[in-house]
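Below is a short note on the model, arranged by site. Each point can be checked against the coordinates.

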Amino acid sequence: TQIRHIVQNMPKAELHIHIEGSLEPELIFALAQRNGVQLSYPSVDALRAAYAFTDLQSFLDIYYAGASVLLKEQDFYDMTAAYLARAKADHVRHTEIFFDPQTHTSRGVPIGDVINGIHRACADSDVSATLILCFLRHLSEEDALATLEAALPYRDRFIGVGLDSSEVGHPPEKFTRVFARARELGLHLVAHAGEEGPPEYIWSALDVLHVERIDHGVRCLEDAVLTRRLAAEKIALTVCPLSNIKLRVFDHMSEHNLLTLLDAGLVVTINSDDPAYFGGYLNENYLATFDSLPLGLQHAHELAKNGFAASFLPAEQKQKFL
Ligand code: HPA
Ligand code: ZN
């Protein structure tokens with residue numbers, strides 16, 4: 001139909017994509033072979049069959065297993081180059097890519113190999129791409145602080161920091177000092193909050209960590225005061241529709257609250273989160289949303305515009321996309 005065609009072809013930004021979540025099963029097996037890593041799944045099909053998640057943690061367990069094949073700088077390059085090619089095919093013009101250094105440094109991979117491999121693929125792509133270093137919230141704040149310090153020789157290769165992994169039980173305020181340090185360094189700040197965790201985690205991401213965007217944030221609607229604040233301050237939510245269905249945040253796309261969020265005046269963006277695991281890249285996320293919710297052409301343009309407006313591009317570059 002006309003609207004599907006427009007949604008697919010319009011220029012878009014992506015603000016919530018974990019590069020390790022773009023690792024397709026075929027590439028996982030190719031890298032396992034190349035690096036001599038033993039996987040606990042006998043085949044690509046067996047691995048794919050394990051992608052039946054019941055919640056965030058059941059996904060994270062498999063996501064970390066998949067990432068275990070990444071050892072060399074070239075592995076990070078190949079993974080990132082593959083994502084950027086897919087993003088380009090979906091008419092993504094700008095992407096802000098999350099990466100999880102602790103997932104790799106804990107296996108003995110030098111942080112410089114992680115950052116340089118991802119960065120080199122970005123530099124070789126004609127898609128505009130910047131990097132956001134994420135801390136794993138199930139690990140200690142001391143580990144996060146050490147990770148940030150270890151990344152400082154590569155300070156010019158990432159624009160911000162984020163917070164991901166197991167949300168419930170690991171509130172934003174656990175990371176007060178490392179976010180304060182990142183802020184002093186002039187880095188942009190984001191955090192996952194309100195995906196599985198309560199609205200209180202969104203409040204503390206804003207008021208304790210001082211983040212500029214909320215990743216996911218869909219549970220904000222449980223708190224009317226919070227919802228009005230997010231709207232008034234134009235704090236963008238990086239919503240990931242297919243992720244929310246696969247991780248059972250909502251039972252069905254027709255029950256997703258994305259349109260309610262838009263109607264509440266929030267700056268909503270659509271993103272793929274972990275496209276290799278959740279059944280699609282950016283266009284599939286847009287199409288699945290538009291197929292199940294009563295969204296029109298105005299919404300399509302608003303969502304795409306929000307992606308660029310909420311990006312961390314410098315004002316003059318942003319202007320070119322708006
Ligand atoms: N939530 C938290 N951590 C993550 C996610 C997510 O959706 N994807 C990759 N790490
Ligand atoms: Zn995420």
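A residue is called buried here if 20 or more other C-beta atoms lie within 10 Å of its own, exposed if 12 or fewer, and partly exposed in between, with C-beta atoms placed from the backbone.

1. Status of the model. This is a predicted model. The average pLDDT of the protein is 98, and 100% of the residues score at least 70. The ipTM is 0.96 and the pTM is 0.98.

2. C134. This residue belongs to strand β3. C134 is buried because 27 other C-beta atoms lie within 10 Å, and the cut-off for that class is 20 or more. Its contacts, not counting residues up to four places away in sequence, are F98, F99, D100, V161, G162, L163 and D164. For D164, the C-alpha to C-alpha separation from C134 is 6.3 Å, with the two positions 30 residues apart along the chain.

3. Nonpolar core. The largest nonpolar core holds 89 residues. Those with the most contacts inside this core are I97, F99, I118, I132, I202, A205 and V268. Which strand gives the most to this core? Strand β3, residues 128-136, does, with seven residues. I118 touches I19, F76, T80, I97, F99 and L131, when residues up to four places away in sequence are not counted. Of these partners, I97 and F99 are also on the list of residues with the most contacts inside the core.

4. Shell around ligand 1. The surrounding residues are H18, G21, L56, Y63, D164, S165, H192, E195, S243, D273 and D274. By class, the shell has two nonpolar, five polar and four charged residues. D164, a contact of C134, is one of the residues around the ligand. Three members of the shell, D274, E195 and S165, are taken up in the next points.

5. D274. UniProt lists D274 under "binding site", in an unreviewed entry. The residue lies in the loop between β8 (268-270) and α14 (275-278). Is D274 buried or exposed? D274 is buried, since 25 other C-beta atoms lie within 10 Å. Leaving aside neighbours within four places in sequence, D274 is in contact with H18, G21, Y63 and S243. These four residues also appear in the shell around ligand 1.

6. E195. The UniProt annotation "active site", again from an unreviewed entry, covers E195. E195 is placed in the loop between β5 (188-193) and α10 (199-207). With 23 other C-beta atoms within 10 Å, E195 is buried. Apart from neighbours within four places in sequence, E195 is in contact with L56, E167, H216, V218 and V249. Among them, L56 is also one of the residues around ligand 1.

7. Positive phi at S165 and R248. S165 is not a glycine, yet its phi is positive, about 80 degrees. S165 sits in the loop between β4 (160-164) and α9 (176-184), and it counts as buried because it has 21 C-beta neighbours inside 10 Å. R248, also a residue other than glycine, has a positive phi near 60 degrees. R248 is found in the loop between α12 (241-246) and α13 (258-263). With 13 C-beta neighbours inside 10 Å, R248 counts as partly exposed.

8. A232 and G186. A232 is in helix α11, residues 224-232. A232 is exposed, as 9 other C-beta atoms lie within 10 Å. A232 and L266 are 34 residues apart in sequence, and their C-alpha atoms are 8.3 Å apart. G186 lies in the loop between α9 and β5. G186 is exposed, with 9 other C-beta atoms within 10 Å. Its C-alpha is 8.3 Å from that of G160, and the two are 26 residues apart in sequence.

9. A146. This residue lies in helix α8, residues 141-151. A146 counts as partly exposed because it has 14 C-beta neighbours inside 10 Å. How far apart are the C-alpha atoms of A146 and T80? They are separated by 25 Å, and the two residues are 66 residues apart along the chain. T80 is one of the residues that I118 touches.

Key. Residues numbered from 1 in each chain as written. Chains lettered and ligands numbered in written order. Predicted model: local features only at pLDDT ≥ 70, side-chain atom pairs only at ≥ 80, totals over all residues. Near = placed C-beta within 6 Å. Nonpolar A, V, L, I, M, F, W, Y, C, P; charged D, E, K, R; others polar. UniProt positions renumbered as here; feature names shortened; annotations may be inferred. Helix = DSSP H or I, 4+ residues; strand = E, 2+ residues; numbered from the N terminus. Contact = placed C-beta atoms within 7 Å. Core = buried A, V, L, I, M, F, W, Y, C linked by C-beta atoms within 7 Å. pLDDT = per-residue confidence, 0-100.
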